[in-house]
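Me: I am new to this structure and would like a close look at a single part of it. Could you walk me through that part slowly, explaining each term as you go?

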Amino acid sequence: MDSSKWRFSEDEDETYSERKQPRAKRRKGNTGKPITASHRITRATASLSDLLDAFQFGIQLGPSYDDTDQKDGRFFESVIEDLLPEFSQARYNTWVQTCSTGESGEVIRPLSRYETTALLNYVRERNKEKPSVTNDIILQKLGLLRQRRKANLREPFHSPKNHDALTPLQVQPSAVLPESLNHLRNIPTTRYENSFASRLYGSKPLKTPGLVAADWETRTPWMNLMDDVHEHHCIAYPERDQSERLRMAITYVSLQPCHLKQVHDLLTRVFWDGIDVSDSLQYSPERCTVVAMYGHLVVGVALLSSPQETYITYLAVRAGWDNSQIATTMLYHLISLNPHRDIILHVSANNPAMLLYNRFGFKAEEFVVGFYEDYLHSQSRASMNAFRLRLRR
């Protein structure tokens with residue numbers, strides 16, 4: 001049967017009512033069972049002319065059947081049995097046109113008129129008890145669906161399950177002129193934190209864990225060398241697009257687990273092998289440790305043994321970053337984080353750092369012979385003897 005024979009009913013929603021009907025007088029039907037008003041026939045979602053013709057044809061032939069067939073219900077089965085496959089195929093064709101496929105491959109069937117009306121009634125009752133924006137949206141969408149059906153408008157297009165049946169849209173890429181690409185590449189860009197948009201919407205800087213201070217003014221030998229290399233590269237290859245060097249500050253932070261590998265490497269280069277300062281993370285690192293960072297590079301480190309002993313165990317700066325006040329800044333913050341406590345350290349007798357400690361007020365209290373014999377190599381230029389210094393507070 002052609003599915004085009006399906007016709008929608010305008011007042012079908014009103015026929016599907018769950019309200020109880022008043023009792024009426026019972027009367028006997030052909031089957032011998034009582035028929036009440038609640039057994040009234042409502043319109044289906046689509047009126048099938050062939051089905052009505054079959055019923056009319058069956059009524060005309062009804063008297064030729066005996067009463068036994070009517071009582072057993074075989075009369076209806078004999079009429080509808082040949083028509084069921086055709087009706088099922090028509091229903092399937094209609095579902096194929098209206099159903100869609102979800103993201104996980106499941107078939108999504110649109111609501112029938114009865115389901116739409118029942119859902120509308122349910123949402124209205126819920127909205128009376130607990131009004132919500134979600135319920136209002138559902139009511140609007142379901143109400144719009146009912147109006148579209150009453151106006152006999154087509155439903156929005158749903159992609160069929162068989163995507164292979166669709167003819168793919170062939171889009172030919174347009175040729176891009178090289179001049180256009182060059183103009184796009186030459187458009188200067190501004191970092192967001194320096195742009196006008198950041199002034200309008202605000203720019204939230206990234207939080208550095210354990211941040212103590214940031215220095216934007218200091219220029220180290222390594223930073224000057226990198227600037228010279230970048231400048232010479234720009235002069236040697238003027239035809240290439242040269243990006244500006246990103247300027248960063250030297251930040252001073254407390255020791256973090258991610259710093260340990262670089263800190264151990266730095267202390268091994270400056271002092272001796274086998275140094276492990278992992279236990280510094282357990283003794284108030286926010287008070288006893290200061291690490292100088294340039295981006296993600298550790299360029300200096302200063303460590304105290306603990307807040308109780310306040311003994312400076314290590315103070316070191318990476319090669320190429322010395323003579324730039326980094327050690328001075330780390331020592332200053334280390335002393336500031338531990339006020340009202342004496343600070344003690346040992347320094348090799350010929351170490352130039354003696355002058356740095358003297359500027360901060362450290363005084364020699366003891367000369368220890370052979371203090372570094374167990375640590376320094378026999379060919380080391382550093383003296384095995386050490387001074388014991390104290391900063392009284």
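Reply: What follows looks closely at one helix and then turns briefly to a sheet for orientation. The model is predicted, with local features needing pLDDT of at least 70 and side-chain atom pairs counting only at pLDDT 80 or more, while totals for chains, interfaces and linings use all residues. Residues are numbered from 1 along each chain as its sequence is written, and side-chain values use heavy atoms, without hydrogens or water.

Helix α7 covers residues 133-150 (helices are DSSP runs of H or I with at least four residues, strands runs of E with at least two, numbered from the N terminus). Its 18 residues should span 26 Å at 1.5 Å a residue (1.5 Å times one less than the number of residues), and its end C-alpha atoms, 26 Å apart, agree with that. The buried residues of α7 (under 20% relative accessible area; exposed is over 50%, partly exposed in between, with a 1.4 Å probe and protein chains only) are Asn 135, Leu 142, Leu 145, Arg 146 and Arg 149. These residues cover an arc of only 100° around the axis (from the directions between the helix axis and the C-beta atoms), which puts them on the same side of α7. On the other side of α7, Val 133, Gln 140, Lys 141 and Leu 144 are exposed. Just after α7, Asn 152 has a positive phi of about 60°.

Elsewhere, an open sheet of 3 strands is ordered β10-β12-β11 with antiparallel pairing (at least two DSSP bridges between two strands). Strands β10 (343-348) and β11 (363-368) each have a single partner strand, so one side of each is left without a neighbour in the sheet. Strand β11 is joined to β12 (residues 386-391) by 5 bridges, and Phe 367 has Phe 387 in β12 as its bridge partner.
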